[in-house]
Structure formats: structure tokens, C-alpha cells
Amino acid sequence: MEEKKIAIQAQGVEKAYKLYDKPSDRLKEALGLSRKKRYKEHYALKGVDLTVYQGETVGIIGTNGSGKSTILKIITGVLNPTRGSVQVDGRISALLELGAGFNMEYNGIENIYLNGTMMGFSKKEIDAKMDDILSFADIGDYVNQPVKTYSSGMFVRLAFAVAINIEPEILIVDEALSVGDVFFQAKCYHKFEEFKEMGKTILFVSHDLSSISKYCDRVILLNQGIKLGEGSPKEMIDAYKQVLVGQYPLPDENEEFMEDALPVNTKVDTDTNHGINAEAEGLNPDLLEYGTKAACIEEYYVEDDAGRHSSSIIKGSECTVHMTVRFTETIQAPIFAFTIKNIKGVEITGTNTMIEKAFLEPVEAGSVKHIAFRQKLELQGGEYLLSLGVTGYENEDFKVYHRLYDVMNITVISDKNTVGYYDMNSTVTVTDRA
């Protein structure tokens with residue numbers, strides 16, 4: 001078996017910034033006028049290891065301030081690490097701060113040459129790509145005008161066109177695929193897919209979890225400068241959602257869990273589902289659950305249009321998602337929710353009782369509620385995953401009482417699949433014209 005070649009390798013990368021209480025402290029230290037330490041260190045990255053193999057598309061996700069952009073800037077050489085090392089094998093094009101290298105007094109053509117040269121390309125190489133760049137940017141005669149006269153949309157279009165069309169061996173992308181209008185975004189994603197098909201190495205940072213799930217072979221999760229884990233897009237997206245509500249076990253020195261969190265990959269006792277055949281029902285024995293348990297989902301199942309418990313639903317028919325919730329504490333305004341994802345982890349649809357304005361009441365401790373979501377299912381034929389949740393707000397703080405990710409699979413049976421996730425059920429007429 002051929003050994004994979006490494007395109008990017010970061011080992012023990014740390015990035016620390018000095019934070020001063022006041023500007024005069026910075027000045028005193030710079031001039032050597034103070035013997036005592038007048039700053040605090042803030043670590044944007046703490047001992048991060050990262051390996052990307054040639055031909056891989058690797059995503060990095062995390063909350064704001066987790067160090068995603070910092071690691072990309074270190075890899076591209078924009079920043080130097082405080083500690084650790086980075087090796088890169090291949091020519092990089094980075095979609096980071098689009099247009100950061102543009103001279104506002106130069107026109108578009110001049111900036112294409114300037115930016116391309118800064119990336120390490122020769123004039124001959126830029127000449128060969130000029131038509132592709134201008135066609136992709138599609139800003140017309142404005143390319144001959146100073147870029148200071150451009151609208152913000154035209155500016156990023158040109159910057160993106162330069163970065164993406166001078167074909168690199170490694171593409172670094174930081175939230176750059178959402179620039180411009182919807183048509184330009186579609187063009188950007190198409191180019192991105194072309195890069196993937198060509199076997200280019202891609203390192204991709206985005207808050208768009210659907211794009212992460214769709215394009216990435218592997219995902220790395222960062223939080224507060226620490227690498228929490230890496231794995232399949234689905235695994236890391238589920239973990240990221242726990243981080244968002246403060247219920248993910250952080251790998252600190254004491255390995256302590258966040259307050260009120262459940263251990264990751266805790267299994268739900270499927271016996272509570274009244275002896276239902278787990279395999280026939282499509283129940284997942286290895287589902288992910290967490291929450292404070294102030295309310296617990298004790299039972300769940302899907303019912304077809306004939307009232308039978310079933311994980312197989314005929315496309316276009318009605319079905320009902322059921323769950324039973326027991327309250328161990330009084331909750332002022334619980335929210336009951338379900339979502340349906342495809343097998344890649346992309347959330348396709350879902351709703352909750354707050355959105356539907358179906359239940360906005362307090363519930364006393366000891367109460368048991370049965371919730372039923374009934375709808376016509378117009379998803380394309382295929383396999384899907386159902387997730388359930390009970391959440392709410394306490395003094396404006398969002399609380400997760402119980403979440404069950406991927407509790408069961410739903411098979412949609414169809415003899416007609418159209419384009420995309422949903423069937424629009426178009427009525428088509430074809431007539432002769434005189």
C-alpha cells in the first residue's frame with residue numbers, strides 16, 4: 001500500500017500574544033525601562049498538532065476565538081509561531097483576508113500582477129491565467145480602473161478570482177466561499193469542487209457546517225486554542241454542537257467535564273421504548289446524548305400514515321415523530337425539537353414547538369408530556385438520521401436539558417427522485433404552439 005505523502009504538518013504549535021493594561025506599559029518594556037513583567041500572555045493556540053495529507057480536504061471548525069484563523073496564518077507564513085514547527089510541501093494559495101495585498105491606487109490588472117507575484121508566480125504564469133481570472137471576476141471594464149473606486153463586492157470578486165485561478169498545489173480557505181452574490185457564490189463552490197476532483201490538497205475553515213460536511217474528508221475541532229479532537233465531519237460537527245452549549249469534556253489538566261454535562265457517547269436505554277424491536281425501528285444503539293437531565297426524553301418513535309411504528313416512510317405520505325418527556329425539575333418554557341440529517345451529517349430540515357408556536361407553557365416537576373410532530377414527507381428517497389431535543393431559556397441563557405443525536409434512521413422509499421433534497425412536486429404541461 002502506497003504511503004500517504006504529507007502536505008502540511010504542524011507540531012506543538014503555540015501562539016502567544018502579550019496583553020498590556022495600558023499603552024505606557026508596552027512603551028516602557030520596548031525601551032527597556034521596566035524590570036518587572038508588565039503584560040499577561042494570551043494563548044491563541046496551545047500545542048496544536050495537525051497533519052494534512054496530499055489530496056485531502058480537511059476542515060477546521062470551532063467557535064469565534066478558537067484559533068482557526070491563527071493556525072491558517074501560521075501555515076501560510078503570515079504569522080510566526082511562538083513555539084512549535086510547521087512544514088509545508090507544495091505551493092500554497094490562501095483565501096484568507098481577500099485583497100489584503102492589493103494597492104488601492106493600482107487598477108485591477110496591476111493588482112493581479114502584484115498579488116500573483118506576492119504568491120510566488122512569474123509574469124509568464126500570471127499571463128497564462130489572466131483570461132481565466134478576468135472571466136471569473138466578471139467585473140468588466142472596471143478592471144482598468146483603480147481598485148479604490150470598486151464596490152466591496154467587485155473588490156472581493158477580483159481578489160477571489162486571483163487567488164483561486166492561479167492553480168496552487170495547496171488551497172487554504174478561510175470563510176471565503178460566501179463572498180459576492182448568490183450567483184458568484186455558486187461559481188466559487190463549483191471551482192472548489194473542481195479543485196477537489198483534481199486531487200488538490202485543501203484546508204478549509206468555515207462556520208457553514210453544511211459545506212464542512214459536504215466537502216471535507218476529515219475535520220479538526222478547535223476550542224480556545226486547544227485541539228479537542230479530529231474525525232469524520234459528522235462526529236466533529238456533533239461534538240462542536242456540544243461545545244456551543246458548554247457541554248463538551250474539555251481536555252484540561254484535570255480532565256474535568258463541564259458542569260452538568262453527560263459523558264460523551266452515553267447510550268440511551270432503548271428498553272424504555274416499551275420493548276420495541278430496535279433493529280426494525282431503526283434505533284441507534286450508539287447514539288450521542290447529553291444535557292442537564294432537568295427533562296428526559298424517555299420514549300421516541302416514528303409512525304407511518306397507517307399508524308404503525310416504522311422507520312420506513314413512503315415519500316409523499318404523512319408521518320409523525322413522537323417523543324415522551326419526563327420532567328425532573330420545573331421548567332418555565334421548554335422547547336421540544338426534532339431535526340433530520342442526511343448520512344453525511346447535513347441538517348436537511350427540522351422544527352420545534354417555539355417556531356411552530358405550539359407550546360409556550362411552564363411544566364411542573366414530575367410531569368410527563370407526549371409530543372407529536374406530524375407532517376407530509378417530501379424528502380428524496382434515501383437514508384436519513386433523526387435527532388431529538390428538549391431545550392429552553394433561563395434568564396436569557398440557553399439550556400440543553402436533553403439532546404439525542406441520531407436516535408434512529410429513517411428510510412424514505414421513493415420511485416421518483418428529483419434534484420436536491422426536496423421534491424417540489426411540479427405540475428408540468430407541454431403544449432403545441434402555433
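**Helix H5 and its surroundings**

In this predicted model, the buried residues of H5 are Met 154, Phe 155, Val 156, Arg 157, Leu 158, Ala 159, Phe 160, Ala 161, Val 162, Ala 163, Ile 164 and Asn 165. These are twelve of the 14 residues of the helix, so H5 is largely enclosed by the rest of the structure. From its first C-alpha to its last, H5 reaches 20 Å, close to the 20 Å expected at 1.5 Å a residue.

The surroundings of this helix can be described through the nonpolar core. In soluble globular proteins, nonpolar side chains tend to be buried together. The largest nonpolar core of the model has 47 residues, and the members that touch the most others are Ile 61, Leu 158, Leu 171, Phe 204 and Leu 221. Several elements each supply at least two residues of this core: the helices H4 (123-137), H5 (152-165), H6 (182-197), H7 (209-215) and H8 (233-244), together with the strands E6 (170-174), E7 (201-205) and E8 (218-223). The largest share, ten residues, comes from H5. A second core, separate from this one, has 35 residues and includes Tyr 384, Leu 386, Leu 404 and Val 412.

Strand E8 offers a further view of the region. Val 219 is found in this strand, and with a relative accessible area of 0% it is buried. The C-alpha atoms of Val 219 and Phe 204 are separated by 9.1 Å, the two residues being 15 apart along the chain. Phe 204 also belongs to a cluster in which ring pairs link it with Tyr 189, Phe 192 and Tyr 215.

Aromatic contacts extend to other parts of the model. A search of the whole structure finds eleven aromatic pairs. In one of them, the rings of Tyr 290 and Tyr 405 have centres 5.9 Å apart and planes at 40°, so the pair is tilted; the angle lies between the limits of 30 degrees for stacked and 60 for edge-to-face. This pair links distant parts of the chain, since Tyr 290 lies in strand E10 (residues 288-290) and Tyr 405 in strand E18 (residues 397-413), 115 residues apart. Both rings belong to buried residues: Tyr 290 has a relative accessibility of 0%, and Tyr 405 has one of 7%. The cut-off for burial is under 20%.

Lysine side chains are also placed against tyrosine rings. Lys 4 lies over the face of Tyr 53, at 5.4 Å from the ring centre. Lys 15 lies over the face of Tyr 17, likewise at 5.4 Å from the ring centre.

The strands may now be considered as sheets. Strands of a sheet pair through backbone hydrogen bonds, either parallel or antiparallel. One open sheet has three strands in the order E2-E1-E4, with antiparallel pairing. Its edge strands are E2 (39-53) and E4 (83-88), each of which pairs on one side only. From one strand to the next, the twist averages 20°. Eleven bridges join strand E1 (residues 6-20) to E2 in the antiparallel sense, and Ile 8 has Val 52 in E2 as its bridge partner.

Another antiparallel pairing is that of strand E11 with strand E13 (residues 318-327), which are joined by eight bridges. Within this pairing, Tyr 300 stands opposite Met 323 in E13. Strand E11 (residues 295-303) has eight of its nine residues buried, so the strand is largely enclosed by the rest of the structure.

Two asparagine residues deserve attention for their backbone geometry. Asn 395 has phi near 55°, a positive value in a residue other than glycine. Asn 395 is placed in the loop between strand E17 (382-394) and E18, and counts as exposed because its relative accessibility is 76%, beyond the cut-off of over 50%. For Asn 425, phi is near 50°, again a positive value in a residue other than glycine. Asn 425 lies in the segment after E18 and, at 41% relative accessibility, counts as partly exposed.

Technical notes:
Residues numbered from 1 in each chain as written. Predicted model: local features only at pLDDT ≥ 70, side-chain atom pairs only at ≥ 80, totals over all residues. Heavy atoms only, no water. Buried < 20%, exposed > 50% of the residue type's maximum accessible area, 1.4 Å probe, protein only. Helix = DSSP H or I, 4+ residues; strand = E, 2+ residues; numbered from the N terminus. Pairing = 2+ DSSP bridges. Core = buried A, V, L, I, M, F, W, Y, C linked by side-chain atoms within 4.5 Å. Phe/Tyr/Trp six-rings, centres within 6.5 Å; stacked < 30°, edge-to-face > 60°. Lys NZ or Arg CZ within 6 Å of the ring centre and 35° of its normal. Axes fitted to C-alpha atoms, helices over the stretch in contact; angles between N-to-C directions. Expected span 1.5 Å × (residues − 1).
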